[in-house]
Amino acid sequence: MKKLLFIPGSLRTASASRATVRTLVSKVEGEAACTIADPGNLPHYNADLTDNLHVKEFCDQIAEADGLVFVTPEYNYSIPGVLKNAIDWASRPALESVFKGKPCFIVSISGGALGGVRAQAHLKYILNGMLANVYVCPEIVIPLANQKVSDGHLVDEAVLGFVLPKLRDFILHV
């Protein structure tokens, strides 16, 4: 069974990003072994820190996964600092990190009308710079998220009908 590591871009338990992660994981149970990373456990990036257990665990999770699924909100026209911090930790050594060649699936979500398209563009740019293999499909953006989340889950059937076939194709691809 393929192993997916879901990396949420938000720390808040009740965030739309985490709700989306929970829903996607529940929908592909049995098709992939899913783990959810916790980027909030990582210290602020500092190259002087060379032996941190949380960093090692995060990098090991990435290395062991067949594919990564990023679900990120958009903060100030980009990805949240906590997600960038996690990526920075795992991006070393440059051009030879655990991201090199790693298949990545990207979903962005926002309370606004654009669904986090700018964050998604930035995330793709960052991942490409680390030689990750960003999965090519129509961009998955979820706008007006507050209207699509209920009881900690993404409940919008139209969005799920768009996302799930692409996620299932990604699982087959990895």
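**Exercise 1. In which sense do strand 1 and strand 3 pair, and over how many bridges?**

Before solving, note the ground rules. This is a predicted model, where local features need pLDDT of at least 70, side-chain atom pairs count only at pLDDT 80 or more, and totals for chains, interfaces and linings use all residues. Residues are numbered from 1 along each chain as its sequence is written, and side-chain values use heavy atoms, with hydrogens and water left out.

Solution.
- Step 1: locate the elements. Helices (H or I, at least four residues) and strands (E, at least two) are DSSP runs, numbered from the N terminus.
- Step 2: apply the pairing rule. Two strands pair if DSSP finds at least two bridges between them.
- Step 3: read the pair. Strand 1 (residues 2-8) runs parallel to strand 3, with five bridges. Leu4 has Gly67 of strand 3 as its bridge partner.

**Exercise 2. Find the strand that six bridges join to strand 3, then trace the chain between the two.**

Solution.
- Step 1: the partner is strand 4 (residues 103-109), and the two run parallel. Here Val69 stands opposite Phe105.
- Step 2: from strand 3 the chain passes through helix 3 (residues 81-90) to strand 4, a β-α-β crossover that is right-handed. Right-handed means that, with the strands pointing away from the viewer, the path from the first strand over the helix to the second runs clockwise.

**Exercise 3. Sort the residues of strand 3 by the way they point, and decide whether they are buried or exposed.**

Solution.
- Step 1: recall the pattern. In a regular strand the side chains alternate between the two faces of the sheet.
- Step 2: sort. Gly67, Val69, Val71 and Pro73 point one way. Leu68, Phe70 and Thr72 point the other way.
- Step 3: set the cut-offs. Buried means under 20% relative accessible area, exposed over 50%, partly exposed in between (1.4 Å probe, protein chains only).
- Step 4: judge. Seven of the seven residues in strand 3 (residues 67-73) are buried.
- Step 5: check one. Thr72 has a relative accessible area of 0%, so it is buried. Its contacts (heavy atoms within 4.5 Å), leaving out residues up to four places away in sequence, include Gly9, Ser17, Val107 and Leu123.

**Exercise 4. Describe how helix 2 meets helix 3.**

Solution.
- Step 1: geometry. The axes of helix 2 (residues 53-64) and helix 3 come within 9 Å and cross at roughly 80°. Axes are lines fitted to C-alpha atoms, for helices over the stretch in contact, and angles run from 0 to 180 degrees between N-to-C directions.
- Step 2: classify. Angles under 35 degrees count as roughly parallel, over 145 as roughly antiparallel, 65 to 115 as roughly perpendicular and the rest as oblique. The two helices are therefore roughly perpendicular.
- Step 3: residues. Val55, Phe58, Cys59 and Ile62 of helix 2 meet Ala86, Trp89 and Ala90 of helix 3. The contact of these helices holds seven nonpolar residues, no polar and no charged. Ala, Val, Leu, Ile, Met, Phe, Trp, Tyr, Cys and Pro count as nonpolar, Asp, Glu, Lys and Arg as charged, and the others, Gly among them, as polar.

**Exercise 5. Which peptide bond is cis, with omega near 0°? Then examine the backbone of Leu95 and Asp151.**

Solution.
- Step 1: the cis bond runs from Arg92 to Pro93. Pro93 sits in the loop between helix 3 and strand 4.
- Step 2: Leu95 is found in the loop between helix 3 and strand 4. Its phi is positive, about 65°, although Leu95 is not a glycine. At 46% relative accessibility, Leu95 is partly exposed.
- Step 3: Asp151 has a positive phi near 50°. At 75% relative accessible area, Asp151 is exposed.
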